[in-house]
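Visitor: Please take me through one strand of this model and its surroundings. I would like a close look at a single part, and then a word on what lies elsewhere.

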Amino acid sequence: MMELPETIVTTAQINDTLTGKKITHVFNATKLHRFAFFHGDPKEYEKILAGKIIKSATGYGMFIDLVLNDETIISVGEGANMKYRKPGDKIPVSYQLLIGFEDNSFLVFSISLYGFIGVYPDGVIDEIYHKQNKENLSPLQKTFSMEYFSTLIAQCSPNLSVKALLATEQRLPGIGNGVLQDILFKAKMNPKRKILTLDITEKEKLYLTIKQTLQEMVLKGGRDVQNDLFGNPGKYHTILSSKTYKEPCPVCGSCIRKEAYMGGTVYYCPTCQPLPNK
């Protein structure tokens, strides 16, 4: 699932690779996906997009917006994967959308669990989730200060868990259940821990860990459990994920726990990330 590190990395790759490319064809899904969500009618996409040129791309949290020369926007969110293929590359059998360019290269969109693709001819996106990702302060912005983070915490219910603080309502755009795992592991905090139990030192540690972990993920081209625009996995080694939780804790050797929590799965070390005594 695309989260902030992948958004930043992929947006930069789009600006380096796709800027100036002219769209000639749009092909609709070869295999329907029940959790593929579109804005507008995909059958109308070719009529809207053909002949237009990609001007730039901007990333917000879990969204990437491709802006065309007439200000039309192609917006891609969360679980929608984009892959760029060169002229002559094999076209995949299954996809949700394919955009062909004048030079015979193409951009293919696929969805694993769920995802969003939207085309906005007027360049206006009036959807709450997109607005939250775009308007809320990114954890990697310089203005995302400890003071700002403390204000976010103060606005929340004290019984909120640290997972809910970081990964719901897009308070911190781009942090989802994926990057959350390593952030909390490095901060030595259990995902179920209530924010009312955090003292000022722990809040500062969490703040610094959020920024440092995300910066490391971006510098290494994203996480190794996600692919970039060209289909290459990132070089950040993910500590806790569905692919690593059966391995012992890299710090203490304890067994990593896997539990369902808040509609998703959390992984944590019960020794390094204990819940405080009530």
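Guide: In β5, the residues I73, S75 and G77 point one way, while I74 and V76 point the other, and all are buried. In a regular strand the side chains alternate between the two faces of the sheet. This is a predicted model. Strand β5 covers residues 73-77, and five of the five are buried, so the strand is largely enclosed by the rest of the structure.

β5 has strand partners to describe. Strand β4, residues 63-68, pairs with β5 in the antiparallel sense over five bridges. One of the pairings is that of V67, whose bridge partner in β5 is I73. The two strands form a hairpin with four residues between them. E71, in the turn, has a positive phi of about 75°. Strand β9, residues 115-120, is also joined to β5 by five bridges, and these two strands run antiparallel. Here S75 stands opposite G118 of β9.

T72 lies in the loop between β4 and β5. T72 has a relative accessible area of 0%, so this residue counts as buried, for which the cut-off is under 20%. Leaving aside residues up to four places away in sequence, T72 touches I48, L49, K52, L66, V67, V119, Y120 and P121. T72 is also 4.8 Å from G123, C-alpha to C-alpha, although the two are 51 residues apart in sequence.

I48, one of the contacts of T72, belongs to a nonpolar core of 28 residues that also includes M2, L18 and F109. In soluble globular proteins, nonpolar side chains tend to be buried together. That core is separate from the largest one, which has 38 residues. Within the largest core, F149, L165, L166, L206 and I210 have the most contacts. The elements that give two or more residues to it are α4 (146-154), α5 (162-167), α6 (177-187) and α7 (200-219). Of these, α6 gives the most, with six residues. L165 touches F149, I153, C156, L160, R171, L172, I195 and L206, again not counting residues up to four places away in sequence.

The surface has nonpolar residues as well. F35, F37, L113 and Y114 make a nonpolar surface patch of about 410 Å². F35 is found in the loop between β1 (23-28) and β2 (36-39). With a relative accessible area of 37%, F35 is partly exposed.

Definitions and conventions:
Residues numbered from 1 in each chain as written. Predicted model: local features only at pLDDT ≥ 70, side-chain atom pairs only at ≥ 80, totals over all residues. Heavy atoms only, no water. Patch = residues over 30% accessible without salt bridge, like charges linked within 9 Å, V, L, I, M, F, W, Y side chains within 5 Å. Areas by Shrake-Rupley, 256 points an atom, 1.4 Å probe, with all protein chains shown as cover. Salt bridge = Lys/Arg side-chain N within 4 Å of Asp/Glu carboxyl O. Buried < 20%, exposed > 50% of the residue type's maximum accessible area, 1.4 Å probe, protein only. Core = buried A, V, L, I, M, F, W, Y, C linked by side-chain atoms within 4.5 Å. Contact = heavy atoms within 4.5 Å. Pairing = 2+ DSSP bridges.
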